[in-house]
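Biologist: I would love a close look at one part of this model. Could you pick a single piece and walk me through it, starting with the setting it sits in?

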Amino acid sequence: MAGGLAKNVDLDNLDLDEIITDQFIANNTKLDSVKAFIEKSGFDISKVTDFANLPTGKLDSYVKSISSFDSWKDLLMKAMLKK
(Lines give C-alpha, C1' and ligand atoms only; values in the text may rest on other atoms or scores of the structure.)
Protein backbone atom coordinates (compact mmCIF):
# COMPACT_ATOMS: atom_id res chain seq x y z
CA MET A 1 0.00 0.00 0.00
CA ALA A 2 1.94 3.11 1.13
CA GLY A 3 5.36 1.49 0.96
CA GLY A 4 7.54 4.42 2.04
CA LEU A 5 5.23 5.45 4.82
CA ALA A 6 4.92 1.92 6.18
CA LYS A 7 8.66 1.70 6.69
CA ASN A 8 8.65 4.81 8.88
CA VAL A 9 5.62 4.03 11.02
CA ASP A 10 5.83 2.07 14.26
CA LEU A 11 2.65 0.01 13.99
CA ASP A 12 3.19 -1.39 17.48
CA ASN A 13 2.92 2.01 19.15
CA LEU A 14 -0.11 3.51 17.44
CA ASP A 15 -3.08 4.84 19.39
CA LEU A 16 -5.56 2.49 17.74
CA ASP A 17 -8.52 3.96 19.58
CA GLU A 18 -7.80 7.25 17.79
CA ILE A 19 -7.22 5.67 14.37
CA ILE A 20 -9.85 2.93 14.20
CA THR A 21 -13.12 4.84 14.59
CA ASP A 22 -16.76 3.88 14.05
CA GLN A 23 -16.79 6.02 10.91
CA PHE A 24 -13.68 4.31 9.53
CA ILE A 25 -15.13 0.85 10.23
CA ALA A 26 -18.48 1.78 8.68
CA ASN A 27 -16.83 3.22 5.56
CA ASN A 28 -14.25 0.46 5.03
CA THR A 29 -15.74 -2.82 6.25
CA LYS A 30 -19.01 -4.76 6.19
CA LEU A 31 -19.58 -3.67 9.81
CA ASP A 32 -20.93 -0.43 11.23
CA SER A 33 -18.91 0.18 14.40
CA VAL A 34 -15.76 -0.60 16.34
CA LYS A 35 -17.92 -2.55 18.78
CA ALA A 36 -19.22 -4.77 15.96
CA PHE A 37 -15.67 -5.13 14.59
CA ILE A 38 -14.53 -6.47 17.97
CA GLU A 39 -17.60 -8.60 18.69
CA LYS A 40 -17.67 -10.27 15.25
CA SER A 41 -13.94 -11.03 15.35
CA GLY A 42 -14.37 -14.08 17.56
CA PHE A 43 -11.19 -13.14 19.40
CA ASP A 44 -11.01 -12.71 23.17
CA ILE A 45 -10.48 -8.97 23.24
CA SER A 46 -11.96 -6.08 25.17
CA LYS A 47 -10.75 -3.13 23.10
CA VAL A 48 -9.25 -2.34 19.70
CA THR A 49 -5.71 -2.17 21.08
CA ASP A 50 -5.89 -5.88 21.98
CA PHE A 51 -5.74 -6.68 18.26
CA ALA A 52 -2.00 -5.91 18.35
CA ASN A 53 -1.47 -9.05 20.47
CA LEU A 54 -3.28 -11.48 18.17
CA PRO A 55 -1.63 -13.96 15.78
CA THR A 56 -1.05 -12.10 12.52
CA GLY A 57 -2.39 -14.85 10.24
CA LYS A 58 -5.70 -15.14 12.06
CA LEU A 59 -6.08 -11.39 12.28
CA ASP A 60 -5.32 -10.98 8.57
CA SER A 61 -7.93 -13.63 7.73
CA TYR A 62 -10.54 -11.81 9.80
CA VAL A 63 -9.77 -8.48 8.15
CA LYS A 64 -10.00 -10.09 4.69
CA SER A 65 -13.39 -11.58 5.57
CA ILE A 66 -14.98 -8.24 6.51
CA SER A 67 -13.25 -5.82 4.16
CA SER A 68 -11.35 -5.41 0.92
CA PHE A 69 -8.04 -5.16 2.80
CA ASP A 70 -5.53 -8.00 2.48
CA SER A 71 -4.20 -7.63 6.02
CA TRP A 72 -4.51 -5.90 9.39
CA LYS A 73 -1.47 -3.80 8.43
CA ASP A 74 -3.20 -2.63 5.23
CA LEU A 75 -6.28 -1.66 7.24
CA LEU A 76 -4.14 0.28 9.72
CA MET A 77 -2.25 2.07 6.99
CA LYS A 78 -5.53 3.17 5.35
CA ALA A 79 -6.86 4.34 8.72
CA MET A 80 -3.69 6.34 9.36
CA LEU A 81 -3.87 8.01 5.96
CA LYS A 82 -7.41 9.13 6.76
CA LYS A 83 -6.28 10.97 9.91
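Modeller: Happy to! A helix here is a DSSP run (H or I) of at least four residues, and helices are numbered from the N terminus. Keep in mind that this is a predicted model. Reading from the N terminus on, the elements of the chain go α-α-α-α-α-α, which is to say six helices and zero strands. The chain has 83 residues, and 43% of them count as buried. Among contacts between residues at least 6 apart in sequence, 53% join residues at least 24 apart.

Now let's look closely at helix H5, which covers residues 56-66. Its buried residues are Leu59, Asp60, Tyr62, Val63 and Ile66. These residues lie on the same side of H5, because they cover an arc of only 160° around the axis. And what do they pack against? The buried residues of H5 pack against helix H4 (34-41) and helix H6 (72-82).

Ser61 is also found in helix H5, but Ser61 is not on that list of buried residues. Buried means under 20% relative accessible area and exposed means over 50%, so Ser61, at 48% relative accessibility, counts as partly exposed. Try finding Ser71 as well: Ser61 and Ser71 are 10 residues apart along the chain, and their C-alpha atoms are separated by 7.3 Å.

To finish, step back to the whole chain: its accessible surface comes to about 5100 Å², and 44% of that belongs to carbon and sulfur atoms.

Notes. Residues numbered from 1 in each chain as written. Predicted model: local features only at pLDDT ≥ 70, side-chain atom pairs only at ≥ 80, totals over all residues. Heavy atoms only, no water. Buried < 20%, exposed > 50% of the residue type's maximum accessible area, 1.4 Å probe, protein only. Helix = DSSP H or I, 4+ residues; strand = E, 2+ residues; numbered from the N terminus. Arc of directions from axis to C-beta. Contact = heavy atoms within 4.5 Å. Areas by Shrake-Rupley, 256 points an atom, 1.4 Å probe, with all protein chains shown as cover.
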